[in-house]
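Student: Please take one buried methionine-style query as the model for your reply: choose a single part of this structure, examine it closely, and then connect it to the rest of the chain.

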Amino acid sequence: MASWRKLGVIAGGGELPVVLAEHLAATQRPYFIARIAPLADPALERHPGAAFGLGAMGARMHALREAGCDTVVLLGQVPRPDLRTLDLDDVARAMLPALIAAMPQGDDALLRAVLAEHERAGFSVVGAEQVMAELLAPAGAWGAASPTPQQAADIGKAAKVAAAVGGFDIGQGVVVCDGLVLAVEAQEGTDAMLKRVAELPLAVRGAPQARRGVLLKRPKPIQERRIDLPTIGVRTIEGAAAAGLAGVAVEAGGALAVRRPDIIAAADRAGMFVYGFTRAEMGET
């Protein structure tokens with residue numbers, strides 16, 4: 001388990017920051033939630049912390065220091081910003097050259113630049129799974145269903161496609177059905193990608209009555225694993241179910257599962273599998 005005096009949680013949107021905050025409260029580990037307004041879930045207002053706009057980097061770091069935080073975790077959904085429209089404080093303006101240089105290189109490059117600025121400011125940076133180990137995706141079938149040989153073949157192809165696409169810092173998700181690549185995630189995110197799949201002709205995808213295909217998520221080969229690991233939750237299962245997919249696969253040890261018991265229950269209700277594949281299964285080292 002990671003060690004710190006007090007943890008600062010820089011919280012974007014979605015359920016993951018809420019789950020982590022609840023874990024910290026339950027385990028009585030000192031923490032402070034720096035909510036990114038207006039993205040952060042209102043449920044975080046029940047926890048110790050404060051809210052700051054995305055461009056208030058200096059104010060956010062000052063509040064974290066004043067709260068006694070020596071370590072931070074950055075998590076939650078943050079849309080790619082338009083730096084021209086952000087209300088930047090002096091510290092954020094000083095970071096602009098590094099951020100502007102990183103933006104054309106892809107999301108991982110931008111996140112690395114943000115991480116580096118926090119380290120330069122004196123904070124240690126940890127991953128969410130170092131705070132809450134049970135978030136990390138385990139290997140094997142999680143629920144009642146397991147992939148069939150055809151579905152395992154789809155997982156294998158999707159894993160190769162995701163690795164290739166990720167090498168260009170494009171995305172973490174791929175949908176494959178009977179060997180055919182139906183979608184690759186880019187800037188739209190997983191939920192929007194699954195909606196695109198649901199609009200494809202039934203000839204190339206599955207249906208709730210005859211499920212086919214798989215959504216796969218894995219880290220990019222260049223991934224800075226302390227931030228932006230692939231994440232799935234109940235909404236991911238619901239989106240995959242609506243698209244007629246047979247299941248969801250993630251890289252074991254390389255993805256986060258938000259409220260895993262709920263994920264398993266949702267998949268079991270839909271008659272879908274959730275599977276943690278290993279790099280060894282894919283013939284990777």
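Tutor: In this predicted model, Met272 is the part to examine. Leaving aside residues up to four places away in sequence, Met272 touches Ala145, Arg211, Ile237, Ala240, Ala241, Leu245, Ala246, Gly247, Val248 and Ala267. Met272 itself belongs to the loop that connects α9 (260-270) with β13 (273-277). Because its relative accessibility is 1%, Met272 counts as buried, the limit for that class being under 20%. One of the listed contacts, Ala240, is 32 residues away along the chain, and its C-alpha atom is separated from that of Met272 by 9.1 Å.

The contact list of Met272 includes Gly247 and Val248, and strand β11 covers residues 247-251. That strand also holds Glu251. Glu251 counts as buried because its relative accessibility is 2%. Its side chain makes a polar contact with the side chain of Arg225, at 3.4 Å. Arg225 also appears among the residues that Glu251 touches, together with Ala137, Lys217, Arg218, Pro219, Phe277 and Arg279, again not counting residues up to four places away in sequence. Of these names, Phe277 leads back to the surroundings of Met272, since β13 spans 273-277.

Another glutamate, Glu224, is placed in the loop between β9 (214-217) and β10 (231-232). Glu224 is buried too, because its relative accessibility is 14%. Its contacts, with residues up to four places away in sequence left out, are Asp108, Arg112 and Leu115.

The helix α9 that precedes the loop of Met272 is itself preceded by a loop from β12 (256-257), where Arg259 is found. Arg259 is not a glycine, yet its phi is positive, about 60°. With a relative accessible area of 27%, Arg259 is classed as partly exposed. A comparable backbone feature occurs at Asp178, also not a glycine, with a positive phi of about 50°. Asp178 lies in the loop between β7 (173-177) and β8 (180-184). Asp178 is partly exposed, because its relative accessible area is 39%.

Helix α9 spans 260-270, and Arg260 lies over the face of Trp142, at 5.8 Å from the ring centre. A second arginine, Arg29, lies over the face of Trp4, at 3.9 Å from the ring centre. As for pairs between aromatic rings, the centres of two rings of Phe, Tyr or Trp would have to lie within 6.5 Å; by this rule the count comes to 0.

The chain also contains an open sheet of 5 strands, in the order β3-β2-β1-β4-β5 and with parallel pairing. Its edge strands are β3 and β5 (124-125), each of which pairs on one side only. As general background, strands of a sheet pair through backbone hydrogen bonds, either parallel or antiparallel.

Within this sheet, strand β1 (residues 7-11) and β2 are parallel and share 5 bridges, and Leu7 has Tyr31 as its bridge partner in β2. Between these two strands the chain passes through helix α1 (residues 16-27), forming a right-handed β-α-β crossover. Strand β2 (residues 31-37) is mostly covered, with 6 of its 7 residues buried. Its pairing with strand β3 (residues 49-53) is also parallel and again has 5 bridges. There, Ala37 stands opposite Gly53 in β3. Ala37 is joined to Pro38 by a cis peptide bond, with omega about 0°. Pro38 is placed in the loop between β2 and β3.

Further along the order, strand β4 (residues 71-75) pairs in the parallel sense with the edge strand β5 over 2 bridges, and Val72 has Val125 as its bridge partner in β5.

To return to the chosen part: Met272 is buried, since its relative accessibility is 1%, and its place is the loop between α9 and β13. Its contacts include Gly247 and Val248, and strand β11 (residues 247-251) also holds Glu251, whose side chain makes a polar contact with that of Arg225.

Notes. Residues are numbered from 1 along each chain as its sequence is written. This is a predicted model: local features need pLDDT of at least 70, side-chain atom pairs count only at pLDDT 80 or more; totals for chains, interfaces and linings use all residues. Side-chain values use heavy atoms; hydrogens and water are left out. Helices (H or I, at least four residues) and strands (E, at least two) are DSSP runs, numbered from the N terminus. Buried means under 20% relative accessible area, exposed over 50%, partly exposed in between (1.4 Å probe, protein chains only). Contact means heavy atoms within 4.5 Å. Two strands pair if DSSP finds at least two bridges between them. A crossover is right-handed if, with the strands pointing away from the viewer, the path from the first strand over the helix to the second runs clockwise. Rings of Phe, Tyr and Trp (its six-membered ring) pair if their centres lie within 6.5 Å; planes under 30 degrees apart count as stacked, over 60 as edge-to-face and the rest as tilted. A charge sits over a ring if NZ of Lys or CZ of Arg is within 6 Å of the ring centre and within 35 degrees of the ring normal. A polar contact is a pair of N or O atoms within 3.5 Å; within protein, one must be able to donate a hydrogen and the other to accept it, and residues adjacent in sequence count only if both atoms are side-chain atoms.
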